Amino acid sequence: RILVLAFFFAAVFSASSLLIALAGLSPIETIALTVSCLTTTGGVVSLTDLNVVAALPAWTKFVCALLMILSRIAFFLFLGAVLEDTGHTW
């Protein structure tokens with residue numbers, strides 16, 4: 001189950017990083033913003049001198065808000081429980 005959880009976390013992280021990168025951020029800023037949204041550690045973004053998140057486009061803020069909601073409701077644990085009920089033996 002832990003491998004499934006790690007795979008889904010990595011997949012969501014990769015997809016959201018590519019999506020946030022479309023806002024024109026540098027790779028380090030993109031990774032820091034994605035990590036801070038998924039792990040709810042907002043201070044990570046300030047390490048990359050990305051102090052003005054308000055200047056980002058509205059769709060980027062929406063993606064970040066969605067990532068924060070997904071991480072807070074334990075979406076990954078829920079998804080793992082759903083997959084376990086289907087009978088797959090990962």
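**Group meeting: a four-helix chain**

I start with one residue, Leu67, which, neighbours within four places in sequence aside, is in contact with Val12, Ser16, Ile20, Thr34, Cys37 and Leu38. Contact here means heavy atoms within 4.5 Å.

Some ground rules. This is a predicted model, in which local features need pLDDT of at least 70, side-chain atom pairs count only at pLDDT 80 or more, and totals for chains, interfaces and linings use all residues. Residues are numbered from 1 along each chain as its sequence is written, and side-chain values use heavy atoms, with hydrogens and water left out.

Now the overall layout. The chain has four helices and zero strands, in the order α-α-α-α from the N terminus. Helices (H or I, at least four residues) and strands (E, at least two) are DSSP runs, numbered from the N terminus. Of the contacts between residues at least 6 apart in sequence, 59% join residues at least 24 apart.

On surface: the chain exposes about 5,900 Å², and carbon and sulfur atoms supply 74% of that. Accessible areas come from the Shrake-Rupley method with a 1.4 Å probe, and for residues only the protein chains shown count as cover. Of the 90 residues, 28% count as buried. Buried means under 20% relative accessible area, exposed means over 50%, and partly exposed is in between, with a 1.4 Å probe and protein chains only.

Next, the core. Which residues make up the largest nonpolar core? There are 10 of them: Ile20, Leu25, Leu33, Cys37, Leu38, Val45, Leu56, Val63, Cys64 and Leu67. H2 and helix H3, residues 58-72, are the elements that give two or more residues to this core. A nonpolar core, as used here, is a set of buried Ala, Val, Leu, Ile, Met, Phe, Trp, Tyr and Cys residues joined through side-chain atoms within 4.5 Å. As background, nonpolar side chains tend to be buried together in soluble globular proteins.

Back to the partners of Leu67, and to Ser16 in particular. Ser16 sits in helix H1. Is Ser16 buried or exposed? Ser16 counts as buried because its relative accessible area is 6%. Beyond its neighbours within four places in sequence, Ser16 is in contact with Thr34 and Leu67. A polar atom of the Ser16 side chain also lies 3.1 Å from the backbone oxygen of Phe13. For polar contacts, the criterion is a pair of N or O atoms within 3.5 Å; within protein, one must be able to donate a hydrogen and the other to accept it, and residues adjacent in sequence count only if both atoms are side-chain atoms.

There is a second buried serine, Ser36, in helix H2, with a relative accessible area of 6%. For Ser36, a polar side-chain atom is 2.9 Å from the backbone oxygen of Leu33.

Thr39 also lies in helix H2. Thr39 is classed as partly exposed because its relative accessibility is 36%. Its side chain has a polar atom 2.5 Å from the backbone oxygen of Val35. Thr39 and Leu67 are 28 residues apart along the chain, and their C-alpha atoms are separated by 9.1 Å.

From helix H1, Phe9 gives another such pair. The C-alpha atoms of Phe9 and Leu38 are 8.9 Å apart, with their positions 29 residues apart along the chain. Phe9 is partly exposed, at 31% relative accessible area.

Now the loops. Thr48 is in the loop between H2 and H3. Why does Thr48 count as buried? Because its relative accessible area is 17%. Thr48 is in contact with Ile28, Glu29 and Ala32, again leaving aside neighbours within four places in sequence.

In the loop between helix H1 (2-21) and helix H2 (27-39) we find Leu22, which is exposed at 65% relative accessibility. Leu22 joins Leu19 and Trp59 in a nonpolar surface patch with about 300 Å² of accessible area together. Patches are made of residues with over 30% relative accessible area and no salt bridge, with like charges joined within 9 Å and nonpolar side chains (Val, Leu, Ile, Met, Phe, Trp, Tyr) within 5 Å. A salt bridge is a side-chain nitrogen of Lys or Arg within 4 Å of a carboxyl oxygen of Asp or Glu.

Last, Pro27, in helix H2. Pro27 is exposed, with a relative accessible area of 62%. Pro27 and Ser17 are 10 residues apart in sequence and 8.8 Å apart in space, C-alpha to C-alpha.
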